[in-house]
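Visitor: Could you take me through this model slowly, and tell me what stands behind each word you use?

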Amino acid sequence: MTESDTDKQVKATEEVTQSHYPGINIGTEVIEDPNYHMAIHRPVFEDEPLTEQILTYVNQKQEEFLEEVKQNQPYLEERQWQANFYLTFDIYQVNETLYSFVFNAESYVAGANGRQSSKVFMVDLQKNATISAQTLFEESTEMYDDVHQQLKKAFESSPDYQDMFFEEALLEWKQETDLSNLYVTEDALMFTFDKYEVTAGAAGSPEIALPLSDFHTFLKEDWRARLNIEIENDISTGDTTSGALMRNKQTLMIMTMKKTHKKQK
């Protein structure tokens with residue numbers, strides 16, 4: 001290897017550490033190149049095929065970033081800039097065997113405004129498999145209408161989003177979505193949207209939480225049991241409510257994901 005090659009070589013480190021959750025470790029990879037910096041965090045499961053499913057997504061995001069770096073390489077070298085890519089994730093434990101993983105990908109290549117996107121994986125460790133919204137719910141037009149109306153209400157009533165919300169964009173999302181941006185927590189349905197998807201860029205990547213109990217009638221029976229949604233009937237009124245709803249007085253939760261980044265020295 002020549003001295004010139006040594007100066008340009010890629011430096012990479014990778015390690016796996018234990019998480020607080022049984023059967024789930026955290027893999028961290030940091031790659032330094034003269035033209036870019038990458039920091040990637042991903043879950044590592046005891047089940048190798050499950051890990052490979054996540055790794056397929058991770059590799060896809062890496063390739064997208066590296067292709068963008070390649071296209072802008074003359075620009076980066078001319079200005080002696082280093083592009084940056086960060087892939088992080090959050091873990092939400094629903095119960096002993098069901099987890100939700102929310103990935104956040106951010107890249108900064110040739111402009112001040114970076115690209116932001118998110119990806120949701122719900123994982124059933126009981127079966128060592130990822131699951132989709134279609135696995136959990138009996139889908140229907142009524143369900144999609146209810147989801148759309150509650151999301152619309154949440155955006156319009158939010159002081160953080162109401163002035164930046166695009167109603168037509170949410171309607172378009174409803175018509176095209178497969179609910180792949182949905183994940184479950186202990187008591188909520190969470191919807192994460194990419195930057196610019198349904199709001200102005202200043203809103204970042206909005207995340208909306210709707211009470212899981214509001215959608216108990218759409219849950220498949222086996223999942224209603226696994227998620228511990230207890231249905232209680234009010235004999236005097238004939239109304240049906242869920243134990244989870246009675247325990248949760250907050251009928252609408254709105255969360256904004258705030259992320260911080262380490263500045264490159």
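**Reasons behind the words**

Guide: Let us start with one residue in this predicted model: Gln-80 has a relative accessibility of 74%, and because a residue counts as exposed over 50%, Gln-80 is called exposed. Gln-80 lies in the loop between helix H3 (73-79) and strand S4 (83-93), and its phi is near 55°, a positive value in a residue other than glycine.

Visitor: Where does Leu-179 lie, and why does Leu-179 count as buried or exposed?

Guide: Leu-179 has its place in the loop between H6 and strand S8 (182-184). The relative accessibility of Leu-179 is 3%, and buried means under 20%, so Leu-179 counts as buried. Phi of Leu-179 is near 65°, again a positive value in a residue other than glycine.

Visitor: What makes Lys-61 buried?

Guide: Lys-61 has a relative accessible area of 13%, and since the limit for buried is under 20%, we conclude that Lys-61 is buried. Lys-61 lies in helix H2 (residues 48-71), and, once its neighbours within four places in sequence are left aside, Lys-61 is in contact with Phe-85, Ala-105 and Ser-117. The word contact here rests on heavy atoms lying within 4.5 Å.

Visitor: Why is Glu-207 called buried?

Guide: The relative accessible area of Glu-207 is 0%, which is under 20%, and therefore Glu-207 is buried. Glu-207 is placed in strand S10, and its C-alpha atom is separated by 5.6 Å from that of Phe-191, although the two are 16 residues apart along the chain.

Visitor: How many aromatic pairs does the structure hold, and what makes Phe-103 and Phe-121 an edge-to-face pair?

Guide: The structure holds 18 aromatic pairs. For Phe-103 and Phe-121 the distance is 5.8 Å centre to centre, and the angle between the planes is 80°. Rings pair if their centres lie within 6.5 Å, and planes over 60 degrees apart count as edge-to-face, so this pair meets both conditions. The pair links distant parts of the chain, with Phe-103 in strand S5 (residues 98-108) and Phe-121 in strand S6 (residues 115-124), 18 residues apart.

Visitor: How do you know whether Phe-103 and Phe-121 are buried or exposed?

Guide: Phe-103 has 0% relative accessibility, which is under 20%, so Phe-103 counts as buried. Phe-121 has a relative accessible area of 11%, which is under 20% as well, and therefore Phe-121 is buried.

Visitor: Why is the pair of Phe-155 and Phe-193 called edge-to-face?

Guide: The ring centres of Phe-155 and Phe-193 are 5.8 Å apart, within the 6.5 Å needed for a pair, and their planes stand at 65°, over the 60 degrees needed for edge-to-face, so the name follows. This pair also links distant parts of the chain, since Phe-155 is in helix H5 (residues 141-157) and Phe-193 is in the loop between strand S9 (188-192) and strand S10 (206-211), 38 residues apart. Both Phe-155 and Phe-193 are buried.

Visitor: What makes Phe-165 buried, and which residues is Phe-165 in contact with?

Guide: Phe-165 lies in the loop between H5 and H6. Its relative accessibility is 12%, and because buried means under 20%, Phe-165 counts as buried. Leaving aside neighbours within four places in sequence, Phe-165 is in contact with residues including Lys-152, Phe-155 and Val-198. The C-alpha atoms of Phe-165 and Lys-152, 13 residues apart along the chain, are separated by 8.9 Å.

Visitor: What lies over the face of Phe-121?

Guide: Lys-119 lies there, at 5.5 Å from the ring centre, and a charge needs to be within 6 Å of the ring centre to sit over a ring.

Visitor: Which residues lie nearest the centre of the second largest pocket?

Guide: Trp-173, Ser-180, Asn-181, Asp-194 and Glu-197 lie nearest its centre, out of 14 lining residues. About 280 Å³ of space lies in this pocket, and the largest share of its lining, four residues, comes from H6. By class, the lining has four nonpolar, five polar and five charged residues.

Methods:
Residues are numbered from 1 along each chain as its sequence is written. This is a predicted model: local features need pLDDT of at least 70, side-chain atom pairs count only at pLDDT 80 or more; totals for chains, interfaces and linings use all residues. Side-chain values use heavy atoms; hydrogens and water are left out. Rings of Phe, Tyr and Trp (its six-membered ring) pair if their centres lie within 6.5 Å; planes under 30 degrees apart count as stacked, over 60 as edge-to-face and the rest as tilted. Helices (H or I, at least four residues) and strands (E, at least two) are DSSP runs, numbered from the N terminus. Buried means under 20% relative accessible area, exposed over 50%, partly exposed in between (1.4 Å probe, protein chains only). A charge sits over a ring if NZ of Lys or CZ of Arg is within 6 Å of the ring centre and within 35 degrees of the ring normal. On a 1 Å grid over the protein atoms alone, a cavity is a set of points where a 1.4 Å probe fits but cannot get out, and a pocket is an open set with protein on both sides within 12 Å along at least five of seven lines; lining residues have an atom within 4 Å of a point. Grid points are joined across faces, edges and corners, and a volume is the space filled by probe spheres set on the points. Ala, Val, Leu, Ile, Met, Phe, Trp, Tyr, Cys and Pro count as nonpolar, Asp, Glu, Lys and Arg as charged, and the others, Gly among them, as polar.
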